[in-house]
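Reader: I have a protein chain to discuss with you. Could you take me through the model?
Author: Certainly; please put it up.

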Amino acid sequence: MSSKYRLIWQLTRGQRLRYGAALLALVLGSCFMYLVPLVPQVVIDGVLVGDPSRASAFVRRALALAGGRDFLRNHLWIAGLAMVGLTAIAGTFAYLRGRWSARASEGIVRGVRARLYDHLPHLPVAYHDRAETGDLVQRCTSDV
């Protein structure tokens, strides 16, 4: 493994689980957002316009799960509620993804700063004589 990748692997120690959870939340949120446009497809193709016998296997299964064609025709509000619910679930996963990835990133930055603060006192005195104080502070705060 390259030294750059080894360093990144070391720096992410303790934060890999959060990044993995953020990745899982990203995938789940995307899947739920993919389901949202399928709800009107089922309603239009299987309930309002189409003949369920000619509909795709997915539409027929979704109709059966939702209570049948006649039930959905009489209760179209269920489709709207399903779309809102799926979008809310996807939004929750998007929030979790952002929160977990931000916390992991901040944890990594905290570790890099700690390593840098530990490294500075071990530098030769000649380095500290040449270095500007503002430059050192800038490197330890913003540049990290």
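Reader: What percentage of the residues in the protein chain is buried?
Author: Buried residues account for 22% of the 144 residues, where buried means under 20% relative accessible area with a 1.4 Å probe, counting protein chains only. Please note that this is a predicted model, in which local features need pLDDT of at least 70, side-chain atom pairs count only at pLDDT 80 or more, and totals for chains, interfaces and linings use all residues. Residues are numbered from 1 along each chain as its sequence is written, and side-chain values use heavy atoms, with hydrogens and water left out.

Reader: Which helices and strands does the chain have?
Author: The protein chain has eight helices and zero strands; helices are DSSP runs of H or I of at least four residues, strands are E runs of at least two, and both are numbered from the N terminus. The radius of gyration is 27 Å, well over the 15 Å from the globule rule for 144 residues, so the chain is more spread out than a compact globule. That radius is taken over C-alpha atoms, and the rule is 2.2 Å times the number of residues to the power 0.38.

Reader: And what box do the C-alpha atoms fill?
Author: Roughly 85 × 30 × 20 Å, along the principal axes.

Reader: Changing topic, which elements have the lowest and the highest mean pLDDT?
Author: Helix α4 (residues 57-66) has the lowest, 79, and helix α2 (residues 16-35) the highest, 95. pLDDT is the predictor's confidence in each residue, from 0 to 100. The chain averages 87, and 95% of the residues score at least 70.

Notes:
Buried means under 20% relative accessible area, exposed over 50%, partly exposed in between (1.4 Å probe, protein chains only).
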